[in-house]
Amino acid sequence: MSVRKFAVMAVLACSGIAVLALFVAIGPSGASAQIRTYKPPQTAAPGADWTKRIEEILPPGVESRAEATARIAAYKPDPVKYPVPRTPWDGKPDFSGVYWPDATITPPPVPLESLYRPEAREYREGGGAAAGLIDWRGIDTPNYHCWPPSPVNGSMGGTVQLVSTPGYLLLLNEGGSNFRIIPIIGENGPQPSASRKPSFQGSSVGHWEGDTLVVEVTNFNGKPWLGAAQPPKRLPQTSSDALRIVERWSRPDAQIFEYRVVVEDPKMLTAPWTGSADRRGILPYDTVQESLCFLDPELDARHREFAAKEAKKRGAVR
Amino acid sequence: MSRRAMALVVGAIVVGAALLVGVRMAVDEKGSTESAATGTGSFTAQTAWGEPNLTGVWRGTPLGAGSGRDTFNLAKLEGLYTSDARARMKELSAKDDPTMRCTPPAFPRAAMLGYPVQIIQRPGFAFVFTEAYPIFRIIPTTGRPHTSGQYLFPTHLGDSTARWEGDTLVVDVISFNGEGWLASPQDRPTNASTGVWLTSDAMHVVERWRRIDADTLEYQARVEDPKMLTMPWETPTVIFKRQTVDRIEEVLCRPEDGPATYLARLGS
């Protein structure tokens with residue numbers, strides 16, 4: 001490393017720390033005016049649209065999920081203004097950051113549903129591996145049972161933290177606290193150990209193609225739903241143990257990361273399916289928080305009640 | 001700008017420059033041990049940025065108390081509970097163990113289960129993953145203060161911050177939610193034991209993680225809980241051995257698996 005480059009780095013790093021120190025020094029007086037009393041939302045009455053309530057309680061000036069999604073989807077990456085961060089150990093893009101929300105930039109060329117094999121219908125109607133557990137004809141979904149999010153979305157939930165480390169990319173989900181540990185094969189590095197049990201999130205192996213991290217995920221346990229049911233029309237989008245997913249992770253600039261996926265499952269699908277291209281915007285935090293998933297027996301009872309009522313309603317229509 | 005702020009800024013610049021020089025030197029030294037820290041299975045005593053390297057999948061032997069053996073200093077812990085705590089503990093039983101509802105056991109309990117633990121580092125942070133319960137801990141290693149009160153809320157695993165004392169990572173953990181137990185219901189060091197090991201939201205844990213050789217990691221914790229214990233309790237040193245895998249298994253704890261699964265997982 002040249003002396004000039006070193007000097008530039010030193011100035012950059014020090015100015016960053018200085019700004020931080022300045023903020024700490026003047027922060028309390030400046031920030032106190034900004035603090036608002038947080039009023040928790042009322043518990044929504046059964047049947048009320050609680051997602052709408054959440055939008056309404058946001059203080060002025062705070063983006064709603066819909067606004068943030070639209071902003072990120074329309075964002076034009078600018079690597080000159082926001083250079084791609086790179087790791088000091090291998091110079092590859094550093095994905096580290098907390099990201100939210102998920103914005104689709106290119107929809108899938110064809111819907112996943114169009115590729116499902118007709119002969120899988122009976123299996124799907126039963127809920128696949130969730131037969132007898134997830135009553136998909138109501139509002140029951142894998143989420144309510146604390147299953148990890150769909151592998152089609154990289155098993156990513158709402159807010160996610162990515163961490164680049166030597167030899168690994170870590171994915172930490174805030175909702176449910178699921179995590180993925182993705183080994184990255186280096187140029188001379190050893191092969192990752194393969195002797196893992198089949199799992200919900202599969203076994204991932206990453207390698208770099210230029211600045212794109214390509215992750216192959218196999219060894220799924222045949223349980224995940226690729227997409228939830230949309231009763232009464234759409235059946236659960238079940239998967240099999242033949243599921244294989246190739247993910248492409250990239251960091252166009254410091255503000256976002258992008259995620260593309262190709263899904264193969266010869267036992268369920270007639271052809272490989274290209275998913276949507278998605279991206280997430282970075283948030284000014286360096287950790288996600290603990291937010292575990294528990295199956296609430298009361299909530300579960302309400303789901304079952306609702307499912308029974310819906311099934312009865314549909315029976316009457318028929 | 002006030003004199004105080006100015007002093008802070010100047011101090012920060014000096015510290016920043018020192019840190020930066022340290023990082024540069026570490027990276028330059030790395031030249032001779034190329035690819036040392038990049039391979040998933042390889043191991044070096046120090047990370048590329050010059051910290052002690054705790055990275056790896058580690059496994060301890062199951063510890064606890066029962067049938068005349070006490071390998072986790074639990075008789076001592078039992079003696080430290082206040083009389084109020086004892087009275088409450090007499091009313092509870094094994095089925096009240098929160099791990100039966102799939103809540104994760106916090107450290108140090110997680111260290112006595114005999115299940116693999118994975119540690120991965122990057123500059124400024126260590127990440128700890130446990131296999132017994134699928135959970136991650138994010139531990140800042142720069143000695144920064146705990147999460148500020150405005151954003152701090154009680155959790156099962158608490159809020160961690162850590163600093164290096166020589167080659168030992170000293171982790172300070174606060175902000176527990178008081179739901180966790182310090183040991184398992186099977187742990188009964190004396191005939192009078194209830195098998196109930198309550199904690200409160202006042203719990204404060206100080207952990208010491210240290211690698212003593214290429215394949216051995218030491219763990220020790222000190223637990224303070226003024227609402228439950230009359231004095232701090234020290235765990236014995238737990239020895240973790242390096243595993244040859246590059247990541248732990250995915251083992252989900254879901255109520256649908258049935259309570260038998262949780263107990264089996266605890267090695268009862």
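# Loops, strands and cores in a two-chain model

Q: In the loop between which strands of chain A is the place of A:Pro232?
A: The place of A:Pro232, in this predicted model, is in a loop of chain A that has a strand on either side. One of these strands covers residues 225-227 and the other covers residues 237-238. By name, they are strand E7 and strand E8.

Q: What is the omega of the peptide bond from A:Pro231 to A:Pro232?
A: Most peptide bonds are trans. The bond that joins A:Pro231 to A:Pro232, however, is cis, and A:Pro232 belongs to the loop between E7 and E8 of chain A. Its omega is near 5 degrees.

Q: Which peptide bond in chain B is cis, with omega near 10 degrees?
A: The loop to look at in chain B runs between helix H3 (83-90) and strand E4 (117-122), and B:Pro108 has its place there. The bond leading into this proline is cis, with omega near 10 degrees, and the bond in question is therefore, by the way peptide bonds are described in general, an exception to the trans form that most of them take. It is the bond from B:Phe107 to B:Pro108.

Q: Is A:Cys146 buried, exposed or partly exposed?
A: A:Cys146 lies in the loop between helix H4 (121-125) and E2 of chain A, and its phi is near 65 degrees, a positive value in a residue other than glycine. To be buried, a residue needs 20 or more other C-beta atoms within 10 Å, while 12 or fewer would make it exposed. Because A:Cys146 has 19 such neighbours inside 10 Å, it counts as partly exposed.

Q: What is the phi of A:Asn219?
A: Most residues other than glycine have a negative phi. A:Asn219, whose place is in the loop between strand E6 (212-218) and E7 of chain A, is partly exposed, with 19 other C-beta atoms within 10 Å. Its phi is positive although it is not a glycine, with a value near 65 degrees.

Q: How many of the six residues of strand E3 of chain A are buried?
A: Strand E3 of chain A covers residues 168-173, and its side chains can be followed in two groups. A:Tyr168, A:Leu170 and A:Leu172 point one way, A:Leu169, A:Leu171 and A:Asn173 point the other way, and all are buried. The strand is largely enclosed by the rest of the structure because its buried residues number six of the six.

Q: Which residue in E3(A) does A:Val163 stand opposite?
A: Strand E2 of chain A (residues 160-165) is joined to E3(A) by six bridges, and the two run antiparallel. They form a hairpin with two residues between them, and A:Gly167 in the turn has a positive phi of about 90 degrees. Across this pairing, A:Val163 stands opposite A:Leu170.

Q: Which residue in E4(A) is the bridge partner of A:Leu172?
A: Five bridges join E3(A) to strand E4 of chain A (residues 179-183), and these strands run antiparallel. Their hairpin has five residues between the strands, and A:Gly176 in its turn has a positive phi of about 90 degrees. In E4(A), A:Leu172 is paired with A:Phe179.

Q: Which residue in E5(B) does B:Ile120 stand opposite?
A: In chain B, strand E5 (residues 125-130) is mostly covered, with five of its six residues buried. E4(B) and E5(B) pair in the antiparallel sense over six bridges, and B:Gly124 in their hairpin takes a positive phi near 90 degrees. In this pairing, the residue opposite B:Ile120 is B:Phe127.

Q: Which residue in E6(B) is the bridge partner of B:Val128?
A: E5(B) is also joined to strand E6 of chain B (residues 135-140), by six bridges, and these strands run antiparallel. The two form a hairpin with four residues between them. The partner of B:Val128 in E6(B) is B:Arg137.

Q: How many residues does the largest nonpolar core have?
A: Among the residues with the most contacts inside this core are A:Leu171 and B:Phe127. A:Leu171 touches A:Met156, A:Val160 and A:Phe179, among others, not counting residues up to four places away in sequence. Another core, of five residues, including A:Ile134 and A:Trp136, lies apart from it, whereas the largest core has 101 residues.

Conventions
Residues are numbered from 1 along each chain as its sequence is written. Chains are lettered from A and ligands numbered from 1 in the order in which they are written. This is a predicted model: local features need pLDDT of at least 70, side-chain atom pairs count only at pLDDT 80 or more; totals for chains, interfaces and linings use all residues. A nonpolar core is a set of buried Ala, Val, Leu, Ile, Met, Phe, Trp, Tyr and Cys residues joined through C-beta atoms within 7 Å. Two residues are in contact if their C-beta atoms, placed from the backbone, lie within 7 Å. Two strands pair if DSSP finds at least two bridges between them.
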